[in-house]
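Work through these exercises with the structure open. Each task is followed by a solution in steps.

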Amino acid sequence: SREQSISGAGEFLRECLQGAPGEALRTVPGRETYAVKGPAGAPWVVKRYTGRWMGMSPARREHQTLIELRRAGLRVPTALGFFEGEGVAVVAMERVESHADLRQVLHEAATSELEPLIARLLKLVIALHTRGWYHRDLYLHHILIDSDGDFVLIDLGRARCSRWVRRRWFAKDLAALLLW
């Protein structure tokens, strides 16, 4: 097994490999997402992956992506750790305090509020893509608005960085934003 985590989180992450560690947020084949209280009681999100993968586990990849995107100056949840076992892996990150996602806000916004929101969205997408990153799952509900009003990118398990412009990924990111 391999792990990387903040101090004291290793045992907690190992325990998350079994059972339901908290409130189930989403379950899809091969991945379960939970809202949990971390070792010190802080609100965390834990994703548990099961299956077989070649090379890097999805938990390690998402952990690394969170670190790299934060280092690149993008607002993403803080990576707290990951743990890999045989055919199972978990990643933990801060749970972003949010009153809504961008999809909800756009649906409820007055016409006069739309232009500034879309301008902020454009700035975020440009920041992501000019740094060579593609979300590859960039739906409006994957952009939370935190308690300070900042946009926070979430669900980064599929995000990738590329030295070359990938027109397909760029187009898919933009197309996903149209599905609101």
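**Exercise 1. Describe how helix 4 and helix 5 pack, and name their relative direction.**

Solution. Start with the geometry. Helix 4 covers residues 111-130 and helix 5 covers residues 167-177. In this predicted model, the two pack at an angle of about 160 degrees, and their axes lie 12 Å apart. Next, apply the cut-off: angles over 145 degrees count as roughly antiparallel. Helix 4 and helix 5 are therefore roughly antiparallel to each other. Last, take the handedness: helix 4 passes helix 5 in a right-handed crossing.

**Exercise 2. List the residues that make the contact of helix 4 with helix 5, and sort them by class.**

Solution. Take helix 4 to begin with. It contributes Leu121, Val125, Leu128 and His129. Helix 5 contributes Phe170, Asp173, Leu174 and Leu177. Now sort them. Six residues of this contact are nonpolar, one is polar and one is charged. His129 counts as polar and Asp173 as charged.

**Exercise 3. Work out the layout of the sheet that holds strands 7, 9 and 10.**

Solution. Read the order: 7-9-10, an open sheet of three strands with antiparallel pairing. Then find the edges. Strand 7 (98-101) and strand 10 (151-153) each pair on one side only. Neighbouring strands are turned by 35 degrees against each other on average, direction ignored. Now look at one pairing. Strand 7 is joined to strand 9 (residues 143-146) by three bridges. Asp101 has Leu144 of strand 9 as its bridge partner. Finally, add the helix. Helix 4 packs on this sheet and touches strand 9 and strand 10. The direction of helix 4 makes about 40 degrees with that of strand 10.

**Exercise 4. Count the salt bridges, then locate the one between Glu62 and Lys47.**

Solution. The count is eight salt bridges. In the chosen pair, the side chains of Glu62 and Lys47 meet at 3.0 Å, N to O. The cut-off is 4 Å. Now place the partners. Glu62 sits in helix 2 (residues 58-71). Lys47 sits in strand 4 (residues 43-50). The two are 15 residues apart, and the pair links distant parts of the chain.

Technical notes
Residues are numbered from 1 along each chain as its sequence is written. This is a predicted model: local features need pLDDT of at least 70, side-chain atom pairs count only at pLDDT 80 or more; totals for chains, interfaces and linings use all residues. Side-chain values use heavy atoms; hydrogens and water are left out. Axes are lines fitted to C-alpha atoms, for helices over the stretch in contact, and angles run from 0 to 180 degrees between N-to-C directions. Helices (H or I, at least four residues) and strands (E, at least two) are DSSP runs, numbered from the N terminus. Angles under 35 degrees count as roughly parallel, over 145 as roughly antiparallel, 65 to 115 as roughly perpendicular and the rest as oblique. A crossing is left-handed if the near helix is turned anticlockwise from the far one by less than a right angle, and right-handed if clockwise. Contact means heavy atoms within 4.5 Å. Two strands pair if DSSP finds at least two bridges between them.
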